[in-house]
Amino acid sequence: MTRQLYEFNGGVHPEEHKHASTSRPIGIAPLPRILIVSLRQHIGQPAKPIVAVGEQVLKGQMIGQAEGYVSVAVHAPTSGTVTAIAGHAAAHPSGLTDLCITIAPDGADRWIEHSALDYRNMDPSHLRNQLRDLGIAGLGGAVFPSFIKLNPGATQKVPTLVLNGGECEPWITCDDMLMRERAAEILAGAAVMRYMLHSDEVLVGIEDNKPEAIAAMQAAASQCDFPVEVVTVPTLYPGGGAKQLIKTLTGKEVPSGGRSTDVGVATFNVGTAYALHRAVNHGEPLISRIVTVTGNVHRPQNFEVLIGTPLAELVRLTGATRDDTSGYVMGGPMMGFDLISTDVPMVKATNCILVKSLALFPPPPPAMPCIRCTRCAQACPADLQPQELYWFARAKNFGKTQEYHLFDCIECGCCSYVCPSHIPLVQYYRYAKSEIWAKEKDKKAADLARERHEFRQLRIEREQQERAAKLALKASAKLAEASPESPDDAANAAKKAAIQAALERAKEKKEGVTPRNIENLPPEKLQEIAEIEARRAKIRAMAKDAVEK
Amino acid sequence: MSGLAVFLGAALGFAAVRFKVQEDPIVEQIDAILPQTQCGQCGFPGCKPYATAIANGDAEINQCPPGGEDGIHKLAELLGVEFKPLNAEHGEPKPKSVAVIDETTCIGCTLCIQACPVDAILGAAKQMHTIIAQECTGCELCIAPCPVDCISMVPIAEDVATWKWKYPVVKLKVA
Amino acid sequence: MLSSPYIAEQSSVSIIMLKVLAALVPGIAVYVWLFGPAILVTLTLASVTALVLETIAVRLRGWPAKPFLMDGSALVTAWLLALSLPPIAPWWLIVVGTFFAIVVAKHLYGGLGNNLFNPAMVGYAVLIISFPVQMTQWSAPLSLAGAHLSLLDSAQYIFTGILPDGLKLDAISSATPLDTLRTQLQLEHTVREITRLPIFGNLGGTGGEAVVLMFLLGGLYLWLARIITWHIPAAFIAGLWITGGLFHISDPDRYISPWFHLATGGVMLGAFFIATDPVTGATTPRGKLIFGAGIGILTYLIRTLGGYPDGVAFAVLLMNIMVPLIDAYTQPKVYGHKQKEPAE
């Protein structure tokens with residue numbers, strides 16, 4: 001290939017450990033005993049459940065529908081019965097619970113009726129809505145709803161389509177194995193993307209440590225009816241990061257805070273392309289994905305796993321748990337996060353389950369002070385000055401962190417990886433980011449409260465003025481009526497009497513009103529109600545006193 | 001010399017008219033720091049009046065419990081004055097909460113609706129009321145007027161969406 | 001709680017500092033060979049003093065002593081200071097210098113990673129201002145000296161000030177080439193005449209130029225080992241060479257060749273080991289260039305126009321003051337900020 005490649009700054013070369021899980025083909029994970037489908041599997045608003053507990057669902061049936069613009073649907077991974085819609089340990093660094101739909105499989109694995117989409121004869125926006133309802137989201141890690149990225153936007157065109165087969169994180173091989181075994185299907189998905197984005201060129205970026213995947217993709221590309229360039233890129237973490245891959249392949253930089261489409265590039269993970277192919281050409285929603293199970297296990301392997309499979313059931317496929325297992329990580333060793341419970345279900349973002357042991361992943365030595373050696377700055381692929389960001393984040397000087405472009409940090413972990421003082425730099429940045437987000441949220445809430453409060457003040461003032469005006473009008477009218485005997489007087493008096501009577505009635509009713517739901521209550525409840533009533537009467541009396549004073 | 005004086009005077013006069021500051025921006029700046037809970041714990045009927053009072057020197061900067069120490073620090077920095085710890089007379093900072101109406105007890109008296117400074121309670125006379133949780137500032141002003149004590153403050157629980165990464169605990173240990 | 005990354009490179013502050021120490025060893029070896037073993041006494045005394053003071057300081061601050069002693073930074077400071085001092089300086093001079101370096105310049109400013117000024121250079125500056133006489137008594141190169149001291153003799157002299165019987169201080173000490181140059185220029189001699197004196201070698205000073213060469217080689221090792229980047233040494237050397245070159249061209253009789261400046265005094269030690277101290281140096285790539293060039297230019301100016309024996313220490317300290325400003329104004333462009341904003 002003669003394509004000119006570009007270099008991004010920084011990057012590190014961690015030990016790859018990829019061979020561990022590439023020696024076995026992708027295994028099909030058996031149906032688990034239970035499936036827990038999280039409603040928050042994508043970036044944006046969680047899906048809204050549309051089934052009820054006890055309901056029978058079919059494989060591929062939508063059980064949570066997209067809510068809001070940035071959202072996609074979730075589906076039943078197999079047929080069975082909904083047994084719970086409740087909080088369940090989530091695949092999230094917090095270890096908190098989140099709303100999940102639990103399904104007890106019936107074992108029949110019966111599909112809902114589904115069929116391929118005739119995408120070439122569909123209205124583009126209808127097609128995108130279909131993809132949203134089929135739950136397609138980016139499988140590279142960010143899980144951004146794909147239908148949004150597949151909108152070519154105002155320019156009607158995204159010239160360069162990049163399939164990301166970089167997979168730069170150590171240990172993870174799910175994309176590698178997918179490309180080796182299902183290259184043609186990946187490119188079938190790319191064909192749909194190319195059609196939707198009106199792209200001129202299709203590039204597949206693969207790091208040079210995956211020769212088998214490169215060969216498979218090249219073979220598939222030669223069978224394609226549109227040009228596909230399989231580009232070998234140097235192995236350098238985080239070369240598979242979308243921004244870094246775009247830089248390597250095109251020399252372009254995604255503007256800060258912008259999207260890659262701003263520079264005419266759309267990037268999709270190869271797994272997303274595969275899922276899109278299943279969705280468009282078979283009508284299947286996203287209910288399974290390839291997950292690497294590796295690390296401290298007997299038989300590391302990639303599995304095609306139903307989304308919702310509990311961690312423990314998946315890990316069991318690689319053999320019995322080793323005694324020295326010290327924890328589970330979702331994702332790779334550079335960017336993954338600890339899973340606190342083995343009940344955590346697989347989600348669309350789960351590319352890897354890394355089983356830890358203290359021997360494989362020893363805890364870091366105690367941190368020393370930063371000596372400003374700038375190794376982190378040399379390793380940073382975003383060209384940041386991590387030592388300065390650390391300094392400000394540690395001092396909770398969040399304004400300064402933003403001035404030094406904290407939000408351009410992609411949390412790749414290179415800085416922590418090289419730090420000779422073993423400072424958990426990335427954790428400081430994550431901390432600073434979430435504090436800033438929380439503060440922004442608070443600020444928005446405060447602004448809303450201020451607005452509503454000011455509106456209320458205005459309303460009260462207006463009501464007062466209206467009342468005053470009405471009173472003034474009445475007073476002047478009365479004055480005018482006072483002298484001559486007006487014919488309206490009698491009518492007026494009658495009206496007044498009627499109002500008075502109504503008021504009396506209302507008062508009586510108010511005092512006499514008895515809630516109907518207190519019959520058949522146990523005596524203690526009645527006692528409690530009586531007490532409340534007494535308190536209420538007392539407060540009323542007090543209020544009256546206050547008014548009279 | 002006198003010509004220069006006249007010219008400078010004219011220039012100053014012009015500048016005063018040309019660059020007139022519309023509103024006292026300091027009140028706005030103080031108000032921007034205050035949490036807009038509108039709870040009145042500071043002794044003023046809302047955040048804006050408190051901001052005005054601070055600007056006029058009629059109030060201390062440490063009378064806002066919801067703003068917490070953080071808020072006092074920001075006010076101190078803005079106004080160039082010394083930090084003061086929160087005045088306990090005005091209350092203690094509490095975890096952020098929202099009001100919740102026990103809808104089985106509510107009698108629909110509308111008293112809480114009248115008390116709510118941000119119109120975050122929905123309901124009409126003799127109909128059950130409910131609180132718009134997103135808009136509730138947690139000011140607690142609705143609790144006292146309720147004749148049946150059906151409103152309680154519920155601290156906002158941390159969930160996956162609001163969870164925050166913790167400040168790294170880094171200890172220097174003997175290796 | 002642990003958060004990713006869960007793996008890390010095999011590196012530590014200790015490893016970095018050990019490599020720095022290792023890179024100094026060839027220079028020290030040649031130093032001993034050409035100037036006698038006195039420097040070993042100075043190095044040892046400075047090291048012991050530094051470790052004791054570091055332990056006390058760390059303990060007083062309530063920190064565990066072991067990781068801080070293991071980090072090796074105190075040793076590096078001690079060695080750099082010792083190599084800047086005359087090898088036959090009295091013991092108390094070394095102790096005082098080390099005290100100012102470790103306790104005042106480092107720990108009173110917050111300890112490792114927080115000091116504004118290069119500790120070794122602060123120690124040196126205090127000594128040169130307070131004890132100018134003792135600071136100019138340098139060992140003569142063995143090839144020129146009338147006698148030479150054994151390790152024991154050196155230790156005895158350093159600790160007691162007593163020389164072996166019948167030996168005069170003049171026999172073992174001499175002025176440095178830089179000092180000689182300055183005094184001779186004041187006597188209206190030309191550069192050409194002065195450099196014929198025996199203390200001048202091929203390029204720099206007799207003997208000294210070999211030590212300087214070894215420090216250069218040690219520095220190149222640090223660069224290859226990726227302990228330092230090329231920016232500061234290159235800019236330092238370029239700044240000194242260009243400034244010196246301009247002066248030299250303007251009046252070769254009065255201003256010596258810039259090569260001489262590179263080959264004498266603390267330039268190579270300064271360029272590769274002192275100015276590259278990460279804690280007190282600039283951190284951005286462009287900032288490092290400015291920082292290094294500034295030191296180079298100031299070193300030349302202080303050597304040529306000032307009255308002190310060498311200019312490296314003051315140049316480093318002056319540029320240390322500038323570091324926050326330099327860093328603030330030389331922040332590199334961050335990914336995604338490089339393209340110009342699209343035209344409105």
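**Exercise 1. Find out what A:Cys380 touches, and where this residue sits.**

Let's start with the contacts. In this predicted model, and leaving out residues up to four places away in sequence, A:Cys380 touches A:Asn9, A:Gly10 and A:Pro386.

Next, the location. A:Cys380 is in the loop between helix H10 (375–379) and helix H11 (386–394) of chain A.

Last, is A:Cys380 buried or exposed? The cut-off for buried is under 20% relative accessible area. A:Cys380 comes in at 9%, so it counts as buried.

**Exercise 2. Do the same for A:Cys415.**

Take the location to begin with: A:Cys415 lies in helix H13, residues 414–418 of chain A.

Now the burial. Its relative accessibility is 8%, so A:Cys415 counts as buried.

Then the contacts. Not counting residues up to four places away in sequence, A:Cys415 touches A:Cys376, A:Pro386, A:Leu425, A:Val426 and A:Tyr429. Look back at the first exercise and you'll see A:Pro386 on the list for A:Cys380 too.

**Exercise 3. Work out why the annotated cysteines of chain A can be treated as one spot.**

Step one is the record. An unreviewed UniProt entry places the feature "binding site" at A:Cys380, A:Cys409, A:Cys412 and A:Cys415.

Step two is to set sequence against space. These residues span 36 residues in sequence, yet no two of their C-alpha atoms are more than 10.6 Å apart, so they gather at one spot.

**Exercise 4. Find the partners of A:Arg456 and say how covered it is.**

Begin with the element: A:Arg456 belongs to helix H14 of chain A, which covers residues 425–482.

Which residues is A:Arg456 in contact with, leaving aside its neighbours within four places in sequence? They carry the letter B: B:Ile113, B:Gln114, B:Ala115, B:Cys116, B:Pro117, B:Val118 and B:Asp119.

As for cover, A:Arg456 has 9% relative accessibility and so counts as buried.

**Exercise 5. Track down two residues of chain A with positive phi, and compare their surroundings.**

Let's take A:His17 to start. It isn't a glycine, but its phi is positive, at about 55°. You'll find A:His17 in the segment before helix H1 (19–22) of chain A. With 33% relative accessibility, A:His17 counts as partly exposed.

Now A:Trp171. Its phi is also positive, near 75°, and again the residue is not glycine. A:Trp171 sits in the loop between strand S9 (160–165) and helix H4 (174–181) of chain A. At 6% relative accessibility, A:Trp171 counts as buried.

What about the helix that follows this loop? Six of the eight residues of H4(A) are buried, so "mostly covered" is the verdict under the cut-off of under 20%. The buried ones are A:Cys174, A:Asp175, A:Asp176, A:Met177, A:Leu178 and A:Met179.

**Exercise 6. Locate a cis peptide bond in chain A and another in chain C.**

In chain A, go to the bond from A:Tyr237 to A:Pro238: it is cis, with omega near -5°. A:Pro238 is in the loop between strand S11 (228–233) and helix H7 (242–250).

In chain C, the bond from C:Ser4 to C:Pro5 is cis, with omega near 0°. C:Pro5 lies in the segment before helix H1 (13–35) of that chain.

**Exercise 7. Place the annotated threonine of chain C.**

Start with the record: UniProt, in an unreviewed entry, puts the feature "modified residue: FMN phosphoryl threonine" at C:Thr176.

Then find the spot. C:Thr176 is in the loop between strand S2 (173–174) and helix H9 (177–186) of chain C.

Finally, check the cover: C:Thr176 has a relative accessible area of 16%, so it is buried.

**Exercise 8. Put together an overall picture of chain C.**

First, how many helices and strands are there in chain C? There are 16 helices and two strands.

Next, is the chain as compact as a globular protein? Its radius of gyration is 21 Å, close to the 20 Å from the globule rule for 344 residues, so chain C is as compact as a globular protein of that length. Along its principal axes, the C-alpha trace spans about 75 × 50 × 30 Å.

Then look at the inside and the outside. Of the 344 residues, 55% count as buried. The accessible surface of chain C comes to about 15000 Å², and 68% of that belongs to carbon and sulfur atoms.

Finish with the contacts and charges. Among contacts between residues at least 6 apart in sequence, 77% join residues at least 24 apart. The 17 positive and 17 negative charges have mean positions 8 Å apart.

Terms used: Residues numbered from 1 in each chain as written. Chains lettered and ligands numbered in written order. Predicted model: local features only at pLDDT ≥ 70, side-chain atom pairs only at ≥ 80, totals over all residues. Heavy atoms only, no water. Helix = DSSP H or I, 4+ residues; strand = E, 2+ residues; numbered from the N terminus. Rg over C-alpha atoms; globule rule 2.2 N^0.38 Å. Buried < 20%, exposed > 50% of the residue type's maximum accessible area, 1.4 Å probe, protein only. Contact = heavy atoms within 4.5 Å. Areas by Shrake-Rupley, 256 points an atom, 1.4 Å probe, with all protein chains shown as cover. Lys, Arg positive; Asp, Glu negative; His and termini not counted. Charge placed at Lys NZ, Arg CZ, Asp CG, Glu CD. UniProt positions renumbered as here; feature names shortened; annotations may be inferred.
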